[in-house]
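This report describes one protein model, going from the whole chain to a pair of packed elements. Please look over the sequence and the structure before reading on.

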Amino acid sequence: LFGSPLSALKTVVQKKSASSIPLPFTLGTVTNCALWAVIGFDIVDFNIYFPNSLGLFFGLVQIGLKLVYGNGKSQEGLTV
């Protein structure tokens, strides 16, 4: 679930557009996973901190892709 938008990683890099990565979902994932990872580390529960740490990592990768590629090239100046 956490890494599902990363399944389009090859397409994002090839097209140089991260428009297929949903930003609100990604921000929610990062926030949720960060908070649960902190709780998991605090109570030393592997079953909480490990999957949420992975989710946090994947979420940060998605945000990085969004920052690097944005939504792709602007369509201004093109006539149809």
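How many helices and how many strands does the protein have? The protein has 3 helices and 0 strands. The model is a predicted one. Read along the sequence, the pattern is α-α-α.

Some totals for the protein are listed below.

| Property | Value |
|---|---|
| Share of the 80 residues that count as buried | 25% |
| Share of contacts between residues at least 6 apart in sequence that join residues at least 24 apart | 70% |
| Exposed area | about 5700 Å² |
| Share of the exposed area supplied by carbon and sulfur atoms | 67% |

Two packed helices are described by the angle between their axes and the distance between the axes. Helix H2 covers residues 23-42 and helix H3 covers residues 46-69. Their axes come within 8 Å and cross at roughly 150°. Angles over 145 degrees count as roughly antiparallel, and H2 and H3 are therefore roughly antiparallel to each other. The crossing of H2 and H3 is left-handed.

Residues on both helices make the contact: those of H2 include Leu23, Trp36 and Phe41, and those of H3 include Ile48, Tyr49 and Lys66. By class, this contact has 13 nonpolar, 8 polar and 1 charged residues.

One residue of H3 can be followed further. Ile63 lies in helix H3. Leaving aside its neighbours within four places in sequence, Ile63 is in contact with Thr26, Leu27 and Val30. These residues are among those of H2 that make the contact with H3. Ile63 and Ala18 are 45 residues apart in sequence, and 9.4 Å separates them in space, C-alpha to C-alpha.

Technical notes: Residues numbered from 1 in each chain as written. Predicted model: local features only at pLDDT ≥ 70, side-chain atom pairs only at ≥ 80, totals over all residues. Heavy atoms only, no water. Axes fitted to C-alpha atoms, helices over the stretch in contact; angles between N-to-C directions. Helix = DSSP H or I, 4+ residues; strand = E, 2+ residues; numbered from the N terminus. Parallel < 35°, antiparallel > 145°, perpendicular 65-115°, else oblique. Left-handed = near helix turned anticlockwise from the far one by under 90°. Contact = heavy atoms within 4.5 Å. Nonpolar A, V, L, I, M, F, W, Y, C, P; charged D, E, K, R; others polar. Buried < 20%, exposed > 50% of the residue type's maximum accessible area, 1.4 Å probe, protein only. Areas by Shrake-Rupley, 256 points an atom, 1.4 Å probe, with all protein chains shown as cover.
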